[in-house]
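Work through the following exercises with the model open beside you, and try each task before reading its solution.

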Amino acid sequence: MEHYLDNSATTKVCPEAAEAALKAMTEIYGNPSSTHTLGREAKKLLDSSRAKAAKAMGCTPQELVFTSCGSESDNWAIIYGAESMKRKGNHIISSAVEHDAVRKSLDELERRGFEVTRLTPDASGAVSVSAVEEALRPDTILVSLMLVNNETGAITDINGISKLLKKQKSQALLHTDAVQAFMKVPFSAKTLGADMISVSGHKIHAPKGIGALYIRDGVKIKPFIVGGAQENGRRAGTEAMPQIAAFGAACEAAMNVKANAERMSQLRQRCIDTLSRDIPELVVINGGAPHILSISLPGWRSEVLMNFMEAKEIYVSKSSACKKGGRSHVLEAMGLNSKVIDGAIRVGLSRFTTEEDIDAFCAALKEAHDTLAHS
């Protein structure tokens, strides 16, 4: 029996999203920009899907722009957010534990002459408000920090950072990569206080190939993709209606965020309690999000442990899927020793994860530990 616990990499498409995508492909297949009946039906679907996603985000539909993925949303917010502010300064604050979509956007900005301060996380893997305060300068124009770390589940206080920027009367735009937080950790755009928020569909049981960027009303950044007047002139290209419809349906299906988070948190703790009892050497790497558990067996190689479990149809990962097996820059930035890093495994839960999934993983990891310890 398959036990999928790599939901931080991607999720299985939920029935509601699959049905919405199929309907958009086979029934409401017009171009939303066309003025005939099929086009108007597609435009109606586009508007209703945007309204569902905006409700989940806690913003107005006009503040939400559909993109192809979270990486595009990050690239757009960071590169063009900084470019829109370059007359006011050239300093950017981020961290050493961001997703590569953020890190490489910052690399590009450095090549363009911007100065980037990459903050070191605290022991939990989050970035503190005080660290941002110490790095803040009069010429700081952008702060970009992820809400939930994709490898450890560490939660950064974005609302606290927003309040700090307002208190200091900072001109800086605040962007957060909320790909791992969206529909997993309760938040809304209004209460979070960020100017731009990146999210992705395939982390919440929608298909791959759809994301969104929240741009607070009043924030002006150039389109990342130019051409037609789609998305109110903010992103050119015919809208990917099957993915957009699925994204809206997935948002609507997962609206009970608090209850889902509590359930995942209980399963996460069940996993910690079982493994801590059965494997004394286990290291639980600090986090906070209910759906991400980062653990390590120092002295064991994570690839070997993963292969052992894969043979039993239990699927986890060692770090971000985007790393393709490379060493975790996140765990290195946290100052963990090499044995902990090399033995690290990430368990990703979703609202569909069961106790049976957790128990199967715990049993398989113990078996792998016991078998390899005597080999």
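**Exercise 1.** In this predicted model, find which residues of the largest nonpolar core touch the most other members, and which helix gives the core its largest share.

*Solution.* The largest nonpolar core has 61 residues, and those that touch the most other members are Met57, Phe182, Phe187, Ile197 and Phe247. Helix H8 (residues 241-253) contributes the largest share of this core, namely eight residues. Taking Phe182 as an example, and leaving aside residues up to four places away in sequence, one finds that Phe182 touches Ala53, Ala56, Met57, Phe187, Val199, Ile204, Phe247 and Cys251.

**Exercise 2.** Classify the aromatic pair of Phe66 and Phe247, and then that of Phe182 and Phe187.

*Solution.* A search of the whole structure gives four aromatic pairs. For Phe66 and Phe247, the ring centres are 6.2 Å apart and the planes stand at 75 degrees; planes over 60 degrees apart count as edge-to-face, so this pair is edge-to-face. Because Phe66 belongs to strand E2 (residues 64-67) and Phe247 to helix H8, the pair ties together parts that are 181 residues apart in sequence. For Phe182 and Phe187, the values are 6.4 Å centre to centre and 55 degrees between the planes, and the pair is tilted. Phe66 and Phe247 are buried, as are Phe182 and Phe187, and these four residues form one aromatic cluster.

**Exercise 3.** Compare the expected span of helix H9 with the distance between its end C-alpha atoms, and state what its buried residues pack against.

*Solution.* Helix H9 (residues 257-278) has 22 residues, which at 1.5 Å a residue should span 32 Å; the end C-alpha atoms are 32 Å apart, so the two values agree. Its buried residues, among them Val257, Met264 and Leu275, pack against strand E9 (283-285), strand E10 (292-296) and helix H13 (355-373).

Note on methods. Residues numbered from 1 in each chain as written. Predicted model: local features only at pLDDT ≥ 70, side-chain atom pairs only at ≥ 80, totals over all residues. Heavy atoms only, no water. Core = buried A, V, L, I, M, F, W, Y, C linked by side-chain atoms within 4.5 Å. Buried < 20%, exposed > 50% of the residue type's maximum accessible area, 1.4 Å probe, protein only. Helix = DSSP H or I, 4+ residues; strand = E, 2+ residues; numbered from the N terminus. Contact = heavy atoms within 4.5 Å. Expected span 1.5 Å × (residues − 1). Phe/Tyr/Trp six-rings, centres within 6.5 Å; stacked < 30°, edge-to-face > 60°.
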